[in-house]
Protein chains: 4
Amino acid sequence: MSVEQQDDVDGDGMTKGGSSQKCDVPAVRRLEAMYAGFRDADVQGLWTLPGLLTPVPTPRAVPHRWDARLLADLAAQARDLVPISAGGDRRVLACANPGLQGQPYATNTLWAAVQALGPGERAPAHRHTPAALRFVLGGAGVWTAVDRDPVSMSAGDLVLTPSWTFHEHCNPGSEPMTWLDVLDLPIVAFLDAVFFESPETAPVTAYPDRSDSELSFGGGPGLLPVDHPGAGAGRSPLLAYRWADTERALSGLVERFPGRMAGIRFSDPHTGRDVMPTLRCEMFRLPSRARSPRWRQTGSRVLTVLHGTGHVTVGAETFRLAPGDVIAVPSWNAMAIEADTTLDVFSVSDAVVLEALGLSRRETCGDHD
Amino acid sequence: MSVEQQDDVDGDGMTKGGSSQKCDVPAVRRLEAMYAGFRDADVQGLWTLPGLLTPVPTPRAVPHRWDARLLADLAAQARDLVPISAGGDRRVLACANPGLQGQPYATNTLWAAVQALGPGERAPAHRHTPAALRFVLGGAGVWTAVDRDPVSMSAGDLVLTPSWTFHEHCNPGSEPMTWLDVLDLPIVAFLDAVFFESPETAPVTAYPDRSDSELSFGGGPGLLPVDHPGAGAGRSPLLAYRWADTERALSGLVERFPGRMAGIRFSDPHTGRDVMPTLRCEMFRLPSRARSPRWRQTGSRVLTVLHGTGHVTVGAETFRLAPGDVIAVPSWNAMAIEADTTLDVFSVSDAVVLEALGLSRRETCGDHD
Amino acid sequence: MSVEQQDDVDGDGMTKGGSSQKCDVPAVRRLEAMYAGFRDADVQGLWTLPGLLTPVPTPRAVPHRWDARLLADLAAQARDLVPISAGGDRRVLACANPGLQGQPYATNTLWAAVQALGPGERAPAHRHTPAALRFVLGGAGVWTAVDRDPVSMSAGDLVLTPSWTFHEHCNPGSEPMTWLDVLDLPIVAFLDAVFFESPETAPVTAYPDRSDSELSFGGGPGLLPVDHPGAGAGRSPLLAYRWADTERALSGLVERFPGRMAGIRFSDPHTGRDVMPTLRCEMFRLPSRARSPRWRQTGSRVLTVLHGTGHVTVGAETFRLAPGDVIAVPSWNAMAIEADTTLDVFSVSDAVVLEALGLSRRETCGDHD
Amino acid sequence: MSVEQQDDVDGDGMTKGGSSQKCDVPAVRRLEAMYAGFRDADVQGLWTLPGLLTPVPTPRAVPHRWDARLLADLAAQARDLVPISAGGDRRVLACANPGLQGQPYATNTLWAAVQALGPGERAPAHRHTPAALRFVLGGAGVWTAVDRDPVSMSAGDLVLTPSWTFHEHCNPGSEPMTWLDVLDLPIVAFLDAVFFESPETAPVTAYPDRSDSELSFGGGPGLLPVDHPGAGAGRSPLLAYRWADTERALSGLVERFPGRMAGIRFSDPHTGRDVMPTLRCEMFRLPSRARSPRWRQTGSRVLTVLHGTGHVTVGAETFRLAPGDVIAVPSWNAMAIEADTTLDVFSVSDAVVLEALGLSRRETCGDHD
């Protein structure tokens, strides 16, 4: 059985043919009537929709760097000028990617922000379905209570406030403190799955060294409480990953594979899966003068520097790196990191989402791909 | 240790206080300077961003019904007026939800469209990372070749073209045929993970009754080829779910639980998981005069009617249902179906995405919730 | 740092050395005293235990064939002479592997037996932790009620009575019927996990064509009831795999790969995993004159012939195959099947146990390995 | 349809009936002929096999305690009298459960043994499919190389030599050292899956503080090397669980739940599953004077004491506990532990096997159940 070759069409859907067709007035009128019918019926012709299916991803977000000192200065101004309200607000400065036309998101999928809490301040408890993490770039002295379990925060610590857990922040000390928040808010908003709730409970007022979560799950690698099934909901029951442990893990890898970039992935100790179902957290260490491979992958990423200096190339941009800088890496932009000194870089990405949905793709690039 | 209660703030971030503060010109200027600094630094204050965290989801997409006869009429017009181009296009009419301001999507996450192929026409092969399915509302006579395995299509059949599989459609017969396409395109586009590619291969010209996929995986419930691990990538190796099987499954459930809505979920026979990692496919049968529960859940859904009449309530809207109608159900809108005659309704949703990301929430509603 | 080479020892643990040592009476006495101490303390020296760790498996069970006609004749005699007792007994003839020194097991891990039920007879309900399956070699007319769901039995059907489900067999018709039982009893007994219980319930007296289990789960490949999580406990909720479906699956595979042995694995439709956590069930079809590969694997297997003739080689033995024959295949014995006519062979193995415990090993063998 | 009540039978299968039947000589002869036929055909009547299906498990192994000082004394004698052979032997004293009639197994499923290595001695490399672990009850100074990665051993450490990994032990120091071996050998032997092999490689002669395995996987709780999928084969890539970590985990749990028995399960950090697919390893700490619940479960267990004193009740037996004692707990024997001083008890069980096969059953018992 043979299938005949069809005539080509232009974008407007008119048949290409002899000159007689170009003057086929009734056909034009019928097309116009059809398109009017489309509008009335809330349908659109695929052939009138360019750019839906592109050869490779074309993110609107752009590679970008937010300067640590500028962020710190603005956070300090906000600490002076913008009190924490009793209504549940936070003193948060959101990194808004210049490509996203005013949306307060660092990338298409990630919210990244600096949060500042002055001495004696408290950000009251609430919960929401967007999941959050806190990465401490410096200082100490704030406790984040997660479902009423108070977790202390110090430089280099990763603290989780998973989806729909109540969380409040309190600075009972005498020094201001600032940290980086990352949320999956753009994802949850896109999926029309945002819920928010404030509790009617008294604030948490205990400030222990180790949270209950750490007492139960933080003993050591591979050591789990007997008969405990984990937290469920695809998230880790361990709420704090301490810098001392992270440092030990990174230095072990550097000792094992000298001269190469070491990387650890923060995981749920009950499953080895990512700490939360939407956010992959990683920490990279580049020894002095080391270079990472250059690679790209689907999904976006936010980087921040904990220690050291160097630079990062993202797509066609190269940014200098210093402690506290925040970098946006949009999807499918090739990325490479180079260290001047020993460089510790924290990374949050949506890679776990891409993997769960069968959309993860990754490749190593040549230097000038 | 005590933490002092903080002053409230307005949305603009100014402190509420005595009248003296209202005239505090230097503070106002400092605020203005700070906000200017925000703009220069590409940051935004959370307190200036209302509506980010809502008590419940607030979808932009609205409940909507596309009328079967209108879709059929427009598809027939397009069949006459818009030839299939040699460049890879399809003759596709996308359902554009009126709430989405011109986006050609049925809901926030789902593309739904009518595709028409006339006698002797062929839609040439291509592949893309967005996953697609075809649900045949009537007729027969088209083959969809998936990675060169030709799959016949008849009324009531569900045919898969999973992410990144080559697919082409061919109508070697003498009758036009129309079917419903559903894609996860909005999700893949949101994630900046769209890839597209056209092959340089000859068209498939075999039109067997049963595809290789069915010969291998379609024998019966729970019967798998020995030593076959499945298709991988979170998707089913079985590419066609035939109406005869679906009918048998639905009538079994109706016999088991008389008078109640029966529902089957199309699954990967190797895992029992959904047919593709982003799309849940289900078929519901309501016996004559039966009513479904009224429930709502996070995530969106597209319904279409295969057989029978009745009506569906979505949020505050009630739509009559007849064969071929297409219905959009946005997230968290309560839904209930009522049958006049025996009613067979096909459903596609993003529930599998919400579940994978820990964002699935579902509740039964009273009649007037 | 250097570690000195040690003296060799004999199996008896005495040092090998010069002739002076052979006369070292005190050493001998000390050894004797030590071994006496071993006995008193209930310990044994590894060096006195030959054969614990062998280069390859050394099964005690031997390749064996039980002849169909002989089994049928003995079952008929038992039907005449041994009534079903009211105490819970079954009229069961267990295949006892000649290598197992009187144990009533077909292999180290599998119980295989012929069970016969005359017209009007009933084997009353009980349950036990050993899991069982019934494979019908011929005839029809018995129902097996599983947790009170009556499942009809006909030639070629596979019926499950999973661990700890109540089951009773009833023959309400006028013809005797015989089938093959396979249980994991040796495994459960080895693990000291046998529990047994008789209920105090009235017998099941309904004899429907399709069981509730089939109405819910037997619709077709990949079709699952909505919102149903499966049976749990690692076992299938589908209790009967009908020959009509199995035949369709086998003929599809033969059409797909002509001339080759086709094999299907019976699986839990909710997970694709084996039907029960200890027993893998498979059905092989060899077209006339076809030969299987020759392979061996860890774990044991019981085969029985449903249709056709041929022969099977197991280790160094070759057995003719005819309908109803039962074959024992011990671990790591190479196996190959050859068909005279179209040959349908049912297989039960413990492969799923070996896989779960990381002990599965499999290799293709040359013709004379 | 009615099913007639059947006559009862005795265990010998003879029909019970009137006295006339007792003299039914032809029937007796037919029975005798049938049983002769059974013997010839290698079948056995189920009704002649008492005790196959018992109400609850009836383990042959008995509760037993091997005294630490006795084991140490015998190990010292063996160290003097039994050299390590060059042929691959180990100096191992296997605990032989008195109920197992001479089998060198601690329980039905577990091999437990004391292994001793004198100064300068080496047990050469080999591998086998039975999986092993080493638990160090005291001392230090031996390295176990696993697939050529040398792992140091000190008191309280758990060291894994998973199935089919090459392993050798070397004592390069000046002190003898003794530890406890536990293997799944009875399970692997029962399944006819024992393979054994000696390599032709030079001995490992490096004695680092931290193994490569620990450098890569031992950083801290939930910290995994980026892009590393784990070891596969259902076993942990982390080969050593150090006492310092275990102690931290136990003291965290005791702080979290004061006065109660704390327990940790050693797990694969990539999956949270047990360290090996056949052996569950746990460590329990009872604060001074604390009592565990009394419970029983299917599957067997070997306990050993690391620190402290107390006693344990197993079934009807009560044993005093001191460091180095080894206790066998057969299946379904109720067990309770009571501490005099702070008591640290290491436990190995086959619970992971019972769970994988759907045979796990557990219940808390009253004091005199």
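Q: How many residues of chain A are in contact with chain B, and how many residues of chain B are on the other side?
A: First, keep in mind that this is a predicted model. Two residues count as being in contact if their C-beta atoms lie within 7 Å. By that test, 89 residues of chain A are in contact with 90 residues of chain B.

Q: Which elements of chain A give two or more residues to the side that touches chain B?
A: There are helices and strands among them, including helix H2 (25–41), strand S3 (92–95) and helix H7 (351–356) of chain A. H2(A) gives the most, with seven residues.

Q: What classes do the residues on the side of chain A that touches chain B divide into?
A: They come out as 54 nonpolar, 23 polar and twelve charged. Watch out for one thing when you check this yourself: Gly counts as polar here.

Q: What makes S3(A) and strand S1 of chain B a pair?
A: Two strands pair if there are at least two bridges between them. S3(A) and strand S1 (residues 43–45) of chain B are joined by three bridges, so they pass the test. The two strands run antiparallel. You can look up one bridge in the structure: Leu93(A) has Gly45(B) as its partner in S1(B).

Q: Why can we say that chain A and chain B are related as by a two-fold rotation axis?
A: In general, two copies of a chain are related by a rotation about an axis and a shift along it. Here, chain A lands on chain B after a rotation of 180° with 0.0 Å of shift along the axis, and the RMSD is 0.0 Å. The two copies are therefore related as by a two-fold rotation axis.

Q: Which residue of chain A comes closest to the rotation axis?
A: That's Ala356(A), with its C-alpha at 3.3 Å from the axis. Both copies use the same surface, too: 99% of the contact residues of chain A recur in chain B.

Q: How many residues of chain D are in contact with chain A?
A: 37 residues of chain D are in contact with 37 residues of chain A. On the chain D side, the elements that give two or more residues are helix H5 (212–217), strand S13 (223–225), helix H6 (243–256) and strand S15 (262–266). The largest share, eight residues, comes from H6(D). Sorted by class, this side of chain D has 14 nonpolar, 14 polar and nine charged residues.

Q: What makes strand S13 of chain A and S15(D) a pair?
A: The cut-off is at least two bridges, and three bridges join strand S13 (residues 223–225) of chain A to S15(D), so this is a pair. The strands run antiparallel. Leu224(A), for example, has Arg265(D) as its bridge partner.

Q: What rotation superposes chain D on chain A?
A: A rotation of 180° does it, with 0.0 Å of shift along the axis and an RMSD of 0.0 Å. The same surface serves both copies here as well, and 100% of the contact residues of chain D recur in chain A.

Q: How do you know which chains do not touch, such as chain B and chain D?
A: No contact joins chain A and chain C, and their closest C-alpha atoms lie 17 Å apart. Chain B and chain D don't touch either, with their nearest C-alpha atoms 17 Å apart.

Q: What makes S14 of chain C and S1 of chain D edge strands?
A: The order in this open sheet of seven strands is S14(C)-S9(C)-S6(C)-S11(C)-S4(C)-S3(C)-S1(D), with antiparallel pairing. Strand S14 (240–241) of chain C and strand S1 (43–45) of chain D each have a single partner strand, so one side of each is left without a neighbour in the sheet. Inside this sheet, strand S6 (residues 132–135) of chain C and strand S9 (residues 158–161) of chain C are joined by four bridges. Ala132(C) stands opposite Thr161(C) there.

Q: What makes us say that both faces of strand S9 of chain A are covered?
A: A residue is called buried if 20 or more other C-beta atoms lie within 10 Å of its own. Leu158(A) and Leu160(A) on one side are buried, and Val159(A) and Thr161(A) on the other are buried as well. S9(A) also pairs in the antiparallel sense with strand S6 (residues 132–135) of chain A over four bridges. Two bridges join S9(A) to strand S14 (residues 240–241) of chain A, where Val159(A) stands opposite Ala240(A).

Methods: Residues numbered from 1 in each chain as written. Chains lettered and ligands numbered in written order. Predicted model: local features only at pLDDT ≥ 70, side-chain atom pairs only at ≥ 80, totals over all residues. Least-squares fit on C-alpha atoms with pLDDT ≥ 70 in both. Buried ≥ 20, exposed ≤ 12 C-beta atoms within 10 Å, placed from the backbone.
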